[in-house]
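Q: Got a minute to go through this one with me? I'd like to hop between a few spots.

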Amino acid sequence: ITLNGDFFKANFSLAVNGDVDVVKFTSNHVTYLKSKKATLDINLQVNLLTKNYQFTNSLLFIEGMPFKINGHYVVNETATINLNIIGNEIQIGQIFRVFPINTLKVISTYKAKGVFEFEASIVGELSNSKSPFVSANFAINDGSVTEIESATELASIFLLGNYSSRIKKEKERLVISNFSAVIGSEKCKGNIEISNFNQPMINGEFSANLPLSEILKFTTLNWGEIEGRLNSNLKFNFNYNKNLENYNLKKLEGIFVLNNFSLINSKKNVYLKNVKGEFYTSGEQLLGSKIKGELNDSKLVSELSIVNFKKLLTLENSIPKIHAQVHLDQLLVDPFLSNENNNETNLFSIQDSVDLKISLNVKRVIYNSFKAKNLKGQLDINNGNLYFNNISLNGNKGGYQLELAISKQDESNYIFFVQGNAQNIAISNFFLEF
């Protein structure tokens, strides 16, 4: 560092130039900078009589980011500071790298582009026991954020924000308002407030009409080719536990509208098409009613609940637990039991990725030459096992009641169990169809 000035006068100009290492910058127990390079280009008007140091047209560079500084620093009985800091043409990616707030370290999984601009003020007493009040307004226009692993991009980001530091009983607060962005080809918008950076509390609202194919890139689910759109309007409140590194979702309210949903899994012979429905949150669950569409070209009507919806969002669970009522006009069994892919039965390989309980009501069932009507019962899939409970159906001019279980032993071996009874079956018809 070099200092230039007429130090023998009571009033003089002082120029401070050079490079420094910022070991650590902490305010109210929150670390904002740690082990960063800084360059000083400071111009001061010094008044030794009033102990006033006036900053004029001064520049501070932190890891290459430019900040203009104006204001004053006064040392009387106590030291007080009043600074105005302006940052222009700062790259968002630099913000992510330079200000790695510990409680927001999830941003390390993203890369960002775009320009960040802000104006801040630092006002108040400066001592070992007191920190000045810091406030800032900032904006991002036409930015983008990309999730590194999936390459999913949030583009055309626009937002306005405000930050205020802790003062008296008030915690730090970061407010992002008028947020909008594009994912895929659709726009989303919302606002968010984060308070108390040591144990962050996050409140916000979010609305969007997004392609499901883009949304599912952020999950571990792999059920096949998925298309359609999800229109959402949500309010949420959650806090981040820094010690446990998890999220506690306290409130999630809103509606999801599913439009033109399709799931194609040719390996499992599952073809869902033209599915529409409305979903809403209730406690831990996501509930859906009057869901309509087609399953393997048969009319489908359903109601369902994702029982552990909140825990899926907070990553406490990775496997969805789904309870449903399903009404089908027709079910063709043969495609589900077809032997393709090295004679490996297709029916079972999907089971580990979902926990299902389905109440079935099927008007017509066809298996090879066997035809049945009015199938009712419970289908359960969990832990690699499949169970049919309390199954009843009409066939062979009579009726059947069945219990069936297929238990997974390993990746290629299963135990098959079935028991039941038949009533008023026409034997000739039975042998004809089987």
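Q: Starting with Glu284: buried, partly exposed or exposed?

A: Glu284 counts as partly exposed, because its relative accessibility is 38%. For the cut-offs, buried means under 20% relative accessible area, exposed means over 50%, and partly exposed is in between, using a 1.4 Å probe and protein chains only.

Q: Before we go on, what should I know about the model and the numbering?

A: This is a predicted model, where local features need pLDDT of at least 70 and side-chain atom pairs count only at pLDDT 80 or more, while totals for chains, interfaces and linings use all residues. Residues are numbered from 1 along each chain as its sequence is written, and side-chain values use heavy atoms, with hydrogens and water left out.

Q: Back to Glu284, then. Which side chain does it meet in a salt bridge?

A: Lys310, at 3.5 Å from N to O. Lys310 lies in helix α3 (residues 309–313) and Glu284 in the loop between β15 (270–282) and β16 (285–295), so the pair ties together parts that are 26 residues apart in sequence. A salt bridge here is a side-chain nitrogen of Lys or Arg within 4 Å of a carboxyl oxygen of Asp or Glu. Helices (H or I, at least four residues) and strands (E, at least two) are DSSP runs, numbered from the N terminus.

Q: And Lys310, buried or exposed?

A: Lys310 is buried, because its relative accessible area is 14%.

Q: How many salt bridges does the whole structure have?

A: The search finds seven. One of them joins Lys363 and Asp329, 3.6 Å from N to O. Lys363 lies in strand β21 (residues 355–367) and Asp329 in strand β18 (residues 321–332), so that pair ties together parts 34 residues apart in sequence. Lys363 is exposed at 53% relative accessible area, and Asp329 is partly exposed at 31%.

Q: What about Asp6, which residue does that one form a salt bridge with?

A: Lys9, with the closest N and O atoms 3.7 Å apart. Asp6 is partly exposed at 33%, and Lys9 is partly exposed too, at 48%.

Q: Why would side chains like these pair?

A: As a general point, side chains of opposite charge can pair when their charged atoms come close.

Q: Switching topic: which residues make the nonpolar surface patch that includes Phe7?

A: Ile1, Leu3 and Phe7, with a patch area of about 330 Å². Patches are made of residues with over 30% relative accessible area and no salt bridge, with like charges joined within 9 Å and nonpolar side chains (Val, Leu, Ile, Met, Phe, Trp, Tyr) within 5 Å. Accessible areas come from the Shrake-Rupley method with a 1.4 Å probe, and for residues only the protein chains shown count as cover. Phe7 sits in the loop between β1 (2–5) and β2 (11–27) and is partly exposed at 46%.

Q: Now the inside. Which residues touch the most other members of the largest nonpolar core?

A: Phe118 and Phe261, in a core of 88 residues. Such a core is a set of buried Ala, Val, Leu, Ile, Met, Phe, Trp, Tyr and Cys residues joined through side-chain atoms within 4.5 Å.

Q: What is Phe261 in contact with?

A: Leaving aside neighbours within four places in sequence, the contacts of Phe261 include Leu212, Ile226, Leu272 and Val275. Contact means heavy atoms within 4.5 Å.

Q: And Phe118, which aromatic cluster is that in?

A: The one formed by Phe67, Phe116, Phe118 and Phe138. Rings of Phe, Tyr and Trp (its six-membered ring) pair if their centres lie within 6.5 Å; planes under 30 degrees apart count as stacked, over 60 as edge-to-face and the rest as tilted. By that rule there are eight aromatic pairs. Phe116 and Phe118 have ring centres 6.0 Å apart and planes at 35°, so this pair is tilted. Phe116 is buried at 13%, and Phe118 is buried at 16%.

Q: One last spot: where is Ser165 found?

A: In the loop between β9 (153–164) and β10 (173–183). Ser165 counts as buried because its relative accessibility is 2%. Not counting residues up to four places away, Ser165 touches Pro132, Phe133, Val134, Lys171 and Glu172.

Q: And overall, how many helices and strands are there?

A: Four helices and 25 strands. Of the chain's 434 residues, 40% count as buried.
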